[in-house]
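Reader: I am new to reading protein models. Could you take me through one part of this one closely, and then show me how it sits in the rest?

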Amino acid sequence: KRLPKDQHPLVAEAMVLQEFDKGAKIIQQGDTGNEFFVIRTGTASVEKNEDGNVKQLATLKPGDYFGENALRSDELRQASIIAAEKLSAFKITRAKFQELGLNDKIQFANRRAVGAGGAKVEDKAKPPSPKTVEEKQLITNALRNNENLSSITKLDDDRVNQFIDVMWKESVKAGQEIIVEADLNADYFYVVQDGSFEVYASQLEDGEEVPKGKPQVVGTVEKGGSFGELALLYFVPRAATVKATEDSTVWAIDRGNFKRILMQVSEAKLKDYVKYLDGVSILSALISQEKKQLATALVEMHFTKDEFVIQQGEAGATFYILYDGQVNIIKDGAIVSNLSASPQRCIAQYFGDGALLDNETRGATVQVCSETAKTLVLDRDSFDMLLGPLKEIIKASEQNGNRAAAKGSGVLPGGIQDGSKVKILRKDLSRIGLLGCGGFGTVELWEHKKTGDTYAMKGLSKGYIVKTGMQDSVMNEKNILMMTNSIFVIKCYATYNG
């Protein structure tokens, strides 16, 4: 979806069909891969071997994809993909992908990191239940008293109300396990309306194992409490089992709505985030579109005075932008510098950026010295899922110069023009005159103010298109023109509203 549309026919033509019998291993965990697959027919199982225990992570269906990271680099397969029945899949190799010049252009969408490819997540939401004023207040208090949620973002009234609007009520019988430890299918977050629950764990917080088969009660959750947020936020297995000690009632919200509400960022904030990213030197190789993608993936984390953000000597895979507050940089027990940030003065600081490149060992400790400190956080796995390894982006930038310009011009194999990435803003065009009129609108001649290039702009009346029921025809015309790329066919460079 993130490849320019006029490149899609190239990929489709290059892919070959391959058949697999039931039980065949399409890719093997631990192998170095160089192929990308899209399932045509049949289903496949995603399995991961951890210390001899094989866990099924997902099931892939027709239209799902896997192995895309192999198109970028020699990367070990993180899981095995096994045909659950006779299966056919379209395949493209890295060599063919690079031969077409696509390795610098494609950007895969943000998605789960378990290696399940483009598996579609089943919608787990249920219709919302009506709530009394007292019930709404209970949910509000539960959300704001949840420390994990508070450490990620500010739960303002608008966000809390969005949670309340989509939550539904469920009854839980005494003895029922509503959450099971190590369960990978973590789909819900709960607020207790009535009753109580006990939390059991096979491993204590200090890492101590409890006797096998005898999970220990590590906590209780009663009316007004909440649980289940961590597995939804970070795609990790459930850390404990939660069992009802009596007939209880809970409010529930599904993963999709939970993350959408919690992580949504306003356009104004996104622009601020992009400005912060512009100041990070290690990200200078990214084009503006890529920075905006990263901005949507940033997660807010808040810290209090004397709290350690990172500690010297520990392994690091997370990058931080400090946008409000002060921190001390401590090396070998001594304060060596101080970082101060203020949104009012538009001053932001960053640290841990090396973690986006490697599993670096933290060279210093960062400790909060103001009453609070607010940061934006991005981990390397999220970065790689969005844009691919940063090392490769920097390397490509050094080899090709300006990546944005490199993507906008040149010639692809077969003599096809690569004009797909040229960005033409409407404000940069000036009208020269009318070329002609048709049944649906006009065609005018416009000139680019900077380059002097001329373009024909077709104008359509949206009201007339809707009135005559021609919406599908207009969209098909646009999509076909966006996919054509030949010196003998007029190319569609851009479309505008208004």
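Author: What follows is a close look at one sheet, then two loop residues, then the chain around them. Keep in mind that this is a predicted model.

Start with the sheet. Four strands form it, and the sheet is open. Read across it and the order is β10-β15-β12-β13. The pairing is antiparallel. Which strands stand at the edges? They are β10, residues 177–179, and β13, residues 216–222. Each of these two has a single partner strand, so one side of each is left without a neighbour in the sheet. The sheet also twists. From one strand to the next, the twist averages 30°.

Now zoom in on one pair. Strand β12 covers residues 196–201. β12 pairs with β13 in the antiparallel sense. How many bridges does this pairing run over? Six. You can find one facing pair by eye: A201 stands opposite Q216, and Q216 belongs to β13.

Next, move along the chain to two loops. The loop between β17 (299–304) and β18 (308–310) holds D306. Look at the backbone there. D306 is not a glycine, yet its phi is positive, about 75°. Is D306 buried, exposed or partly exposed? Its relative accessible area is 49%, and exposed means over 50%, so D306 counts as partly exposed.

D332 is the second case. This residue is found in the loop between β20 (318–331) and β21 (334–341). Phi of D332 is near 55°, again a positive value in a residue other than glycine. The relative accessibility of D332 is 67%. That is over the 50% cut-off, so D332 counts as exposed.

Now step back to the chain. It has 498 residues, and buried residues make up 40% of them. Its secondary structure comes to 14 helices and 30 strands. Take the contacts between residues at least 6 apart in sequence: 72% of them join residues at least 24 apart. The accessible surface comes to about 26900 Å², and 50% of that belongs to carbon and sulfur atoms.

Last, how confident is the predictor? The chain averages a pLDDT of 80, and 82% of the residues score at least 70. Two stretches need care. Over residues 107–123 the pLDDT stays under 50, and the model has 46 contacts for them beyond four places in sequence. Over residues 402–421 the pLDDT is below 50 too, and this stretch has 48 contacts in the model beyond near neighbours in sequence.

Conventions
Residues numbered from 1 in each chain as written. Predicted model: local features only at pLDDT ≥ 70, side-chain atom pairs only at ≥ 80, totals over all residues. Heavy atoms only, no water. pLDDT = per-residue confidence, 0-100. Contact = heavy atoms within 4.5 Å. Buried < 20%, exposed > 50% of the residue type's maximum accessible area, 1.4 Å probe, protein only. Areas by Shrake-Rupley, 256 points an atom, 1.4 Å probe, with all protein chains shown as cover. Pairing = 2+ DSSP bridges. Axes fitted to C-alpha atoms, helices over the stretch in contact; angles between N-to-C directions.
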